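Welcome to a short set of exercises with worked solutions. Please have the coordinates open and try each task before reading on.

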Amino acid sequence: MALVTISGFPCSGKTTRAKQLKEYFEDRIQSAEYDGPNLTVELIDDDISHVPRSSYDTSALEKPARASLFSNVSRSLGPDTITIVDSANYIKGYRYQMYCAAREARVRVATIHVVAPPDKCREWHEKRGECSYKPATFDNLIMRFEEPSSMVRWDSPLFTIPWDEQPPFEDIWNAILKGDKKPPPAAV
Ligand code: ADP
Ligand code: MG
């Protein structure tokens with residue numbers, strides 16, 4: 001039914017937001033006023049795709065990691081599922097690839113850019129301790145980050161969520177439920 005792509009720096013709060021979104025969607029689906037199809041919310045992340053943090057150390061390791069994440073995403077897409085992809089998703093071309101898969105599956109899309117300043121991310125990263133990135137990898141992921149843009153169709157609608165603000169959950173729900181346009185035709 002929909003693909004929600006989370007994107008952001010390492011340790012910027014992506015997983016925190018992804019979980020909040022999942023909970024919000026599930027509450028809406030279970031609410032009395034909801035009369036749509038019975039939807040399942042699926043959270044696809046690096047962990048369930050068997051992608052350890054060290055996959056981001058080199059592009060040779062990152063390629064198969066992205067492929068694994070992508071195949072999990074593709075498998076999850078469907079008319080009765082809201083798929084949330086919780087990963088860095090920092091490469092424009094990769095987000096485009098997921099957008100194409102969503103079109104093919106005839107599901108709506110939304111992109112969430114979770115924003116925190118690099119220093120905040122670094123502070124949270126240090127506090128998290130275990131399961132952390134190598135310092136060089138952490139810096140690289142920030143440097144190479146290709147910011148989502150509402151000007152391109154594969155990133156829109158785009159919702160930017162600063163770390164210290166309440167996410168516009170209802171707007172995101174409306175975007176994937178009603179869409180601002182008709183569902184896209186299947187790609188040929
Ligand atoms: P990511 O999935 O991007 O790596 P997480 O959601 O796992 O980020 O958050 C990383 C750390 O930062 C966690 O320990 C979390 O408690 C902290 N954190 C994330 N978002 C916020 C926030 N908005 N305010 C305060 N701390 C946060
Ligand atoms: Mg995470």
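**Exercise 1. A loop residue**

In which loop does Arg106 lie?

*Solution.* Arg106 belongs to the loop that runs between H3 and S4. Helices (H or I, at least four residues) and strands (E, at least two) are DSSP runs, numbered from the N terminus. Before we go on, some housekeeping: residues are numbered from 1 along each chain as its sequence is written, and chains are lettered from A and ligands numbered from 1 in the order in which they are written. The model is a predicted one, where local features need pLDDT of at least 70 and side-chain atom pairs count only at pLDDT 80 or more, while totals for chains, interfaces and linings use all residues.

**Exercise 2. Two positive phi values**

Compare the settings of Arg106 and Cys11, and say why each gets its burial class.

*Solution.* Step one is the backbone: phi of Arg106 is near 55°, positive although the residue is not glycine. Phi of Cys11 is near 60°, again a positive value in a residue other than glycine. Step two is the place: Cys11 sits in the loop between S1 and H1. Step three is the count. A residue is buried if 20 or more other C-beta atoms lie within 10 Å of its own, exposed if 12 or fewer, and partly exposed in between, with C-beta atoms placed from the backbone. Arg106 counts as partly exposed because it has 15 C-beta neighbours inside 10 Å. Cys11 has 23 such neighbours, so it counts as buried.

**Exercise 3. The sheet**

Work out the strand order, then follow S1 through its pairings.

*Solution.* Start with the order: S2-S3-S1-S4-S5, an open sheet of 5 strands with parallel pairing. Two strands pair if DSSP finds at least two bridges between them. The edges are strand S2 (40-45) and S5, each pairing on one side only. Next, take S1: 7 bridges link S1 and S4 in the parallel sense, and 5 bridges join S1 to S3, also parallel. Across from Val4 is Ala110 in S4, and Thr5 stands opposite Thr111 in S4. On the S3 side, Leu3 stands opposite Thr83. Finally, check the faces of S1: Ala2, Val4, Ile6 and Gly8 point one way, Leu3, Thr5 and Ser7 the other, and all are buried.

**Exercise 4. The nonpolar core**

Which residues of the largest nonpolar core touch the most other members?

*Solution.* A nonpolar core is a set of buried Ala, Val, Leu, Ile, Met, Phe, Trp, Tyr and Cys residues joined through C-beta atoms within 7 Å. The largest one holds 33 residues, and Ala2, Leu3, Val4, Ile84, Ala102 and Ala110 touch the most other members. A second, separate core of 8 residues includes Phe9, Cys11, Ala88 and Cys121.

**Exercise 5. Around the ligand**

Which helix gives the most residues to the shell around ligand 1?

*Solution.* First collect the shell, taking a residue as near if its C-beta atom, placed from the backbone, lies within 6 Å of the molecule. Among the residues surrounding ligand 1 are Gly8, Cys11, Lys14, Trp124, Arg128 and Trp163. Helix H1 (14-30) and helix H4 (118-128) are the elements that give two or more residues. H1 gives the most, with 3 residues.
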